[in-house]
Structures are given as C-alpha cells and as structure tokens.
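User: Could you take me on a close look at the pockets here? I'd like to know what lines them and where the lining comes from.

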Amino acid sequence: MYHFLKTQLALIAGSMADFTMTVLLVEAFHCWYIAGNAAGNVTGALAQFLLSRNWVFTQSKNQNTSLQVIKFILMWIGNIALAALGVFLLTNFLHLHYLLSKIIVSVLLGLSYTYFVSKKFVFV
C-alpha cells in the first residue's frame, strides 16, 4: 500500500506540472485545448519519470536507463492517446470544461493504467 501511495504522489506531482503547462498554453497562449493537453502530458511525463525512477521505484536505479526511457515513452504514448481521447469525449460530448475533463481522465488513468504499466513493465 505504501508503494501505491508513493506512486500516486509522484503522479500528483506530474499532474501538477501537466496542468500548469496545459493551463498556461490554453489560457495564456490560446492554444487548442487538445494541443495544450498533449504538451501538458509530456511535461508531466518528464516529471513523473524522474520521480518514479529516483523515488518510487528505487530498485530500478541500477537498471538500464535507456531501456526504461524507451518503455516509459511507450507507456506515455498510450497515456497521451487515452488522455486526449478521454478529454475530447468528455469535453465535446458531455460538454464538460476541458479542465474538469482533464482531471477526471487524469485520475482514472493514474489509478489504473499508469500505475500498473509503470510497476509491471517500465520499472521492473
């Protein structure tokens, strides 16, 4: 349970970086919310990779960093695609504000996809 909680804290930190970038791009620079969402996801992914490798999955620090980066990129390609699809569907079909859509999708992905793929595939 402790490991799961540390993972969630790393995801929260990554999400904070993600949301900051998204809001900055969409609200300050008037980018399309899907592009802002994707850029935010990349920013959050970088923060999460560093935290996950160096704080959550500390046993993985002795493993090949390049291989972990490749696996992490593969995981986040799936995450970005799922996040973009989820935000698009919730925003366009349920008419939710893009940030509420992003919060819902981020929580769902963090509790499921991202945690399990990180634990079982990236940082094994």
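Analyst: Happy to; here is a walk through two pockets, one after the other. This is a predicted model, in which local features need pLDDT of at least 70 and side-chain atom pairs count only at pLDDT 80 or more, while totals for chains, interfaces and linings use all residues. Residues are numbered from 1 along each chain as its sequence is written, and side-chain values use heavy atoms, with hydrogens and water left out.

The largest pocket has a volume of about 260 Å³. A pocket here is an open set of points on a 1 Å grid over the protein atoms alone, where a 1.4 Å probe fits, with protein on both sides within 12 Å along at least five of seven lines; lining residues have an atom within 4 Å of a point. Grid points are joined across faces, edges and corners, and the volume is the space filled by probe spheres set on the points.

Its lining has 24 residues, with L11, S15, S106, V107 and G110 nearest the centre. Helix 1 (2–28), helix 2 (33–56), helix 3 (65–92) and helix 4 (98–122) each supply at least two of the lining residues (helices are DSSP runs of H or I, at least four residues, numbered from the N terminus). Helix 4 gives the most, with 9 residues. By class, this lining holds 11 nonpolar, 11 polar and 2 charged residues (Ala, Val, Leu, Ile, Met, Phe, Trp, Tyr, Cys and Pro count as nonpolar, Asp, Glu, Lys and Arg as charged, and the others, Gly among them, as polar).

The second largest pocket holds about 210 Å³ of space. Its lining includes F49, F72 and W76. Helix 2 and helix 3 are the elements giving two or more residues to that lining, and helix 3 gives the most, with 6. The lining of the second largest pocket has 11 nonpolar, no polar and no charged residues.
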